[in-house]
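User: I am new to this structure and would like a careful look at one part of it, together with what surrounds that part.

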Amino acid sequence: MTTLLDELSGYEFEDAVASLFRALGYDDVSVATRVADEGRDITMYDDGTAYVVECKHTDTVSRPVVQKLHSAVATYPHDGPRRGMVVTSGRFTGPAEAYAERLRENGDPHPIELIDGRALRELGEPVGMDLYNGRIEIVCEETLPVGEPEAVLAAVFEAVENAPATLPEPSVGVTYRPVVDVRAHTRATFETSVGVIHRIDRRDHLVVEADPSGPRVAPEGLSGIVDTDPIALSEARSRHGGEARRFGWTESDYREWARERLCDALETTVTYTGDNNVTYTRDCRPTPDDVSFRSVEPIYVPRVEVAVETGDYTHSYEYDAGGNRHATRNDAVRRCVHCGTDADADEEAYTYCENCGAIACESHTETERLTGEPVCTGCSVTESFFFAEKHFFDTENAETFRNRYEAMPFYRKALENPRLTAVLVLGVLVAVGLAIGLI
C-alpha cells in the first residue's frame with residue numbers, strides 16, 4: 001500500500017498512522033474524536049503498556065508539542081505503564097529532541113518517543129506500507145568531522161619550495177554540504193534463444209551530492225572519505241561554525257535517481273551469434289528492479305575553505321573534510337599568481353617569494369643576485385650586468401650589487417653572463433686557431 005502523505009489532510013494522516021500501528025501489532029488502536037482530543041490523537045496498547053500518540057502533519061514540531069503530550073500521558077487513565085509518541089511527517093526541532101532526551105535520561109515514568117517522517121517510512125516498509133512523502137526533505141543531524149584546517153593548510157604549503165616555516169593564522173570558513181552515500185548491488189541476466197549473453201553481478205559505491213538544485217555524482221575523491229565515523233552536526237558547528245545546506249529531496253527521490261544512474265552506467269551493447277550463425281547486437285540495460293540497496297545514508301560533508309595572507313597575496317585551499325582525510329576541491333596555494341598554472345595542470349615546482357608573499361611557477365621565479373634567495377618576477381627589480389638581466393628584492397639591493405660589480409675585474413664581470421662569455425671565448429679560440437693555421 002502506497003500512501004502519499006502530501007495528499008492527506010491532518011485527519012487522514014492520523015488514520016494512516018493508526019493503520020500503521022495496527023499493522024505493527026499494537027492492540028486497541030483508537031483514533032480520538034475530531035473535537036477536544038485533550039492532546040492525544042491515538043491511543044493503543046502493547047503488553048500492558050498504554051501509548052498516547054500525538055500526530056502532527058507539519059514541516060516541523062517544536063518543544064511545546066512534546067511538553068503538552070507529556071502532560072496528557074501523565075493524566076491518562078491507565079493503571080499500568082504509560083508512554084507517549086509524537087509522530088510527524090516532517091521533523092523535530094533541536095529543543096524538542098533535547099526535551100524528549102532529557103525525559104529518558106532522567107528516568108521519567110512517562111517518556112516520549114519521537115518519530116519523524118523518515119522513521120515513519122522505515123516503520124512502514126516491513127509491513128508493506130510505503131508512506132511516501134513528496135514534500136518533506138531529508139533531515140540529517142550528523143556530519144563528517146571537520147578535522148584541523150590549519151594542519152591541512154600547513155601540509156599543502158610543505159609542497160611549496162621556500163615556504164615559510166610558520167604561517168600566519170589563517171581564516172577558516174565551513175559549509176556543511178548534504179551528501180547521500182549509496183551502496184548498491186545490481187544483478188541482472190540477459191538471455192536469448194541461444195542462452196545467456198550477458199550477466200551483471202556487482203556492488204557499487206555511489207556518492208551523491210544532494211544539492212537542492214538537483215543531485216549529481218560526487219567527484220571520485222569524496223568516496224574515499226565518507227566512511228569516516230560521523231559526529232553530531234551540532235558539535236561540529238559549535239566548534240567551527242558554518243551553515244548546513246538543505247538536502248532538497250526525499251530519501252525515496254534519491255533512491256530512484258541513484259537507480260537510474262546505476263542503470264545508465266551499467267548499460268552495454270553485447271554482440272552474439274544466433275542459432276542461424278548470424279551475428280546480432282543487443283543493448284543490455286538493467287532495470288531499476290535489478291538494483292537493490294545495501295545502504296542509503298544521508299550525511300553532511302564539511303566543505304572547508306582555509307586562506308592565509310602572506311605579504312601582498314592571499315592563498316586559499318578548499319577541500320571536503322573527513323576528519324584527518326580530505327578531498328581537494330580547489331588548490332589556490334600551489335598555483336602561480338602571475339600566470340595561473342597550477343599543480344593539476346603542470347608538475348613543475350612552485351616557489352614562495354618571501355619578498356612579496358607570492359607563489360610562482362618556475363617561469364616566474366628567479367634567483368635574487370645579491371642574496372641568492374628566490375624572488376618572483378612580479379616584484380623583482382631588474383638591471384642588466386654584462387648584457388644579462390639580474391633580479392633583486394629592491395632598488396637598494398640592486399645598488400649594492402652595482403657597486404660590487406663596478407669594483408670587479410673584467411673576468412668576474414664576464415661571469416655574470418656565462419653564455420655570452422662562452423661564445424666570446426669560443427670565438428677567440430677559433431680566431432687564434434685560424435691565425436696559427438690550426439683550423
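User: Within what distance do the axes of helix H2 and helix H3 come, and at roughly what angle do they cross?

Analyst: This is a predicted model, in which local features need pLDDT of at least 70 and side-chain atom pairs count only at pLDDT 80 or more, while totals for chains, interfaces and linings use all residues. Residues are numbered from 1 along each chain as its sequence is written, and side-chain values use heavy atoms, with hydrogens and water left out.

The axes of helix H2 (residues 63–74) and helix H3 (residues 94–105) come within 7 Å and cross at roughly 30 degrees; helices (H or I, at least four residues) and strands (E, at least two) are DSSP runs numbered from the N terminus, and axes are lines fitted to C-alpha atoms, for helices over the stretch in contact, with angles from 0 to 180 degrees between N-to-C directions. From H2, the contact (heavy atoms within 4.5 Å) involves Arg-63, Val-66, Gln-67 and His-70, and from H3 it involves Pro-95, Ala-96, Tyr-99, Arg-102 and Leu-103. These residues divide into five nonpolar, two polar and two charged, where Ala, Val, Leu, Ile, Met, Phe, Trp, Tyr, Cys and Pro count as nonpolar, Asp, Glu, Lys and Arg as charged, and the others, Gly among them, as polar.

Elsewhere, an open sheet of five strands follows the order E2-E3-E4-E6-E8 with mixed pairing, two strands being paired if DSSP finds at least two bridges between them. Strands E2 (27–31) and E8 (112–115) stand at its edges, each with a single partner strand, so one side of each is left without a neighbour in the sheet.
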